[in-house]
Amino acid sequence: MNDILCVSHIPSFVVLGDNERDLRQLQNIFLSEATLLGFTKTGALMEWLEDNDADLLLLDFSRLHEEVEKQTLLKRVRAIRNMARVPVILFTDAIDAAKEEHFLHSGAKEYLLKPFFPDVVRSRVNHVLRYEYLHNHLTQEVSHQVALAEKRLAAGRRLFQEMVLALAKTIDAKDRYTSGHSERVADYARSIAERAGEPKETLEEIYYIGLVHDIGKIGIPKNIIDKPGRLTDDEYTVIQSHTIIGASILQNIDEVPWFAIGAHYHHERYDGQGYPQGLKGEEIPKLARIIAVADAYDAMTSCRSYRSALPQDMVRAELIKGRGHQFDPYYADIMISMIDEDPDYSMREQTSLVTA
């Protein structure tokens, strides 16, 4: 079977030739291997291209003497619907390095010298058609594979989110006083980060970090977590260990190295008086500084074993008091502005408040 036929289908060639003899010669070269339609008038060619399709366009530049006329012709062809990517082969009766460079930079795929040598014409045409076929096939295959990859990625993200949400619910279920705490912290932290101008990928990261920031509580005895009164010094030391436990659990997940940040550092204080490492200021990872504000806000606006949720004005006052001490002042200010935009105090665990 002929190479041209092997490309995909019987191709259609459109030729702008110098004379009828050239057109007949080209028709004899391809015979029944291609549908070849020839024109000797530029106007007739352009009119036909407006309403028809072609696999290959062959233009005789030897008939055009002015360079501007040649450039205009190619631009007019490319402007026609469906002609932007149709390959073009140029004919010429003379060639030099400058003209060859001009032809190829003009957008032509190949050029042919006149008079025609059948084997050369067939070889050049076949080369162009095969290139276009492979290019189109590869483009379609890449698009198909990208679509499949995006579908798998979306499914993977949904699975990841569902698993992390399930894990967050498991964490919160251990403490009967913190139902929904992890999800609220995640939401607050994402809102703070968004207002701080963080990029979309950071917003997604901090949401997941917020969901698992308390995962270390899995390793804390339930009698200490549920204790209704004040903790002893020893019990408080045990509670503090949840940051180390959480970090040790999450740092083993190599695919998401940032996952352990919140669990490890959300109890560090801006003034260096926090735990577990006593980091100070911007030594504390940025995402952990955001989580710390969100975590403290939810702790104050939720019921605990030893108290009810605090009134909004008291929560606001505590955040102002903690600026530059417990909290990064920048993120504390953002949280305060969120409070000021919430006159109905809807941004909290939906329980009864302590009477002021």
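This report walks through a predicted model of one protein chain, from its overall make-up to its sheet, a few helices and two buried residues.

**Overall picture**

The protein chain contains 15 helices and five strands. Of its 356 residues, 43% are buried. Among contacts with a separation of 6 or more, 62% link residues 24 or more positions apart. The chain exposes about 18900 Å², and carbon and sulfur atoms supply 53% of that area.

**The sheet**

Let us turn to the strands. All five form an open sheet in the order 2-1-3-4-5, with parallel pairing. Strand 2 (35–39) and strand 5 (110–113) stand at the edges with a single partner strand each, so one side of each has no neighbour in the sheet. On average, neighbouring strands are turned by 20° against each other, direction ignored. As background, strands of a sheet pair through backbone hydrogen bonds, either parallel or antiparallel.

Here are three of the pairings side by side:

| Strand pair | Sense | Bridges |
|---|---|---|
| Strand 1 and strand 2 | parallel | five bridges |
| Strand 1 and strand 3 | parallel | four bridges |
| Strand 3 and strand 4 | parallel | four bridges |

Some residue pairs help to locate these pairings in the viewer. Leu16 stands opposite Phe39 in strand 2, and Val14 stands opposite Leu57 in strand 3. Further along the sheet, Asp60 stands opposite Phe91 in strand 4.

How enclosed is strand 1 by the rest of the structure? Five of its five residues are buried, so strand 1 is largely enclosed. Both of its faces are covered: Ser12, Val14 and Leu16 are buried on one side, and Phe13 and Val15 are buried on the other.

Two helices lie across this part of the sheet. Helix 2 (residues 20–30) lies across strand 1 (12–16), strand 2, strand 3 and strand 4, and runs at about 175° to strand 2. Helix 3 (residues 42–51) lies across strand 1, strand 2 and strand 3, at about 150° to strand 1.

**Helix 7 and Leu211**

Helix 7 offers a simple geometry check. At 1.5 Å a residue, its 15 residues (181–195) should span 21 Å, and the end C-alpha atoms are indeed 21 Å apart, which agrees. The buried residues of helix 7 are His181, Ser182, Arg184, Val185, Ala186, Tyr188, Ala189, Ile192 and Ala193. In general, an α-helix has 3.6 residues a turn, so residues three or four places apart point the same way. After helix 7 comes Gly197, with a positive phi near 85°.

Leu211 belongs to helix 8 (residues 200–211). With a relative accessible area of 0%, Leu211 is buried, because the cut-off for that label is under 20%. Leaving aside neighbours within four places in sequence, Leu211 is in contact with Ser182, Glu183 and Ala186, and also with Val164, Leu165, Ala168 and Ile171. From Leu211 to Gly180 the C-alpha distance is 9.7 Å, although they are 31 residues apart in sequence.

**Thr301, a buried loop residue**

Where is the place of Thr301? Thr301 is in the loop between helix 13 (286–300) and helix 14 (312–322). Its relative accessible area is 0%, so Thr301 is buried. A polar atom of the Thr301 side chain lies 2.9 Å from the backbone oxygen of Tyr297. Not counting residues up to four places away in sequence, Thr301 touches Ala309, Val315, Tyr345, Met347, Arg348 and Glu349.

Note on methods:
Residues numbered from 1 in each chain as written. Predicted model: local features only at pLDDT ≥ 70, side-chain atom pairs only at ≥ 80, totals over all residues. Heavy atoms only, no water. Helix = DSSP H or I, 4+ residues; strand = E, 2+ residues; numbered from the N terminus. Expected span 1.5 Å × (residues − 1). Buried < 20%, exposed > 50% of the residue type's maximum accessible area, 1.4 Å probe, protein only. Polar contact = N/O pair within 3.5 Å; in protein donor to acceptor, adjacent residues only side chain to side chain. Contact = heavy atoms within 4.5 Å. Pairing = 2+ DSSP bridges. Axes fitted to C-alpha atoms, helices over the stretch in contact; angles between N-to-C directions. Areas by Shrake-Rupley, 256 points an atom, 1.4 Å probe, with all protein chains shown as cover.
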